[in-house]
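Dear colleague,

Here is the structure I promised to pass on to you. Please have it open while you read, as my notes follow directly below.

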Amino acid sequence: ANEEHLKHFIADESVLKRLQGFFADMYGFERENQEEVLNIIANSAEDYVLKPQREGGGNNIYGEEIREFIKDLKPEELEQYI
């Protein structure tokens, strides 16, 4: 979570720092940042979960499986995931 967003709700800095440990970074595959996100996956896929941007649950792809899953996706298909 963005620290500035959390500061709006939490004034105590020590609580803010501890709370940030419960949030994960989220990246989308929008065209303008696809290359950056693909580099992150290439270097540390094991730290991430790929999720489709649709209602419901399931269909998540974990860790090393992400690299194999996305290798043949077109840019517009990648945009359907976070």
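**What was found**

In this protein, the 9 positive charges and the 19 negative charges have mean positions that lie 2 Å apart. Please keep in mind throughout that the model is a predicted one.

Turning to the overall fold, the protein contains five helices and two strands, and these follow one another along the sequence in the pattern α-α-α-β-β-α-α. The radius of gyration is 15 Å, well over the 12 Å that the globule rule gives for 82 residues, so the protein is more spread out than a compact globule. Measured out along the principal axes, the box that the C-alpha atoms fill is roughly 45 × 25 × 20 Å.

As for surface and interior, about 6200 Å² of the protein is exposed, with carbon and sulfur atoms supplying 50% of that area, while 24% of the 82 residues count as buried. If you look at the contacts with a separation of 6 or more, 39% of them come from residues that are 24 or more positions apart.

One residue deserves a look of its own. Asparagine 33 sits in the loop that runs between helix H2 (13–20) and helix H3 (34–44). Is this residue buried or exposed? Its relative accessibility is 18%, and because buried means under 20%, asparagine 33 counts as buried. The side chain of asparagine 33 also reaches the backbone oxygen of glycine 28, at a distance of 3.3 Å.

With best wishes

How values were computed. Residues numbered from 1 in each chain as written. Predicted model: local features only at pLDDT ≥ 70, side-chain atom pairs only at ≥ 80, totals over all residues. Heavy atoms only, no water. Helix = DSSP H or I, 4+ residues; strand = E, 2+ residues; numbered from the N terminus. Rg over C-alpha atoms; globule rule 2.2 N^0.38 Å. Buried < 20%, exposed > 50% of the residue type's maximum accessible area, 1.4 Å probe, protein only. Contact = heavy atoms within 4.5 Å. Areas by Shrake-Rupley, 256 points an atom, 1.4 Å probe, with all protein chains shown as cover. Lys, Arg positive; Asp, Glu negative; His and termini not counted. Charge placed at Lys NZ, Arg CZ, Asp CG, Glu CD. Polar contact = N/O pair within 3.5 Å; in protein donor to acceptor, adjacent residues only side chain to side chain.
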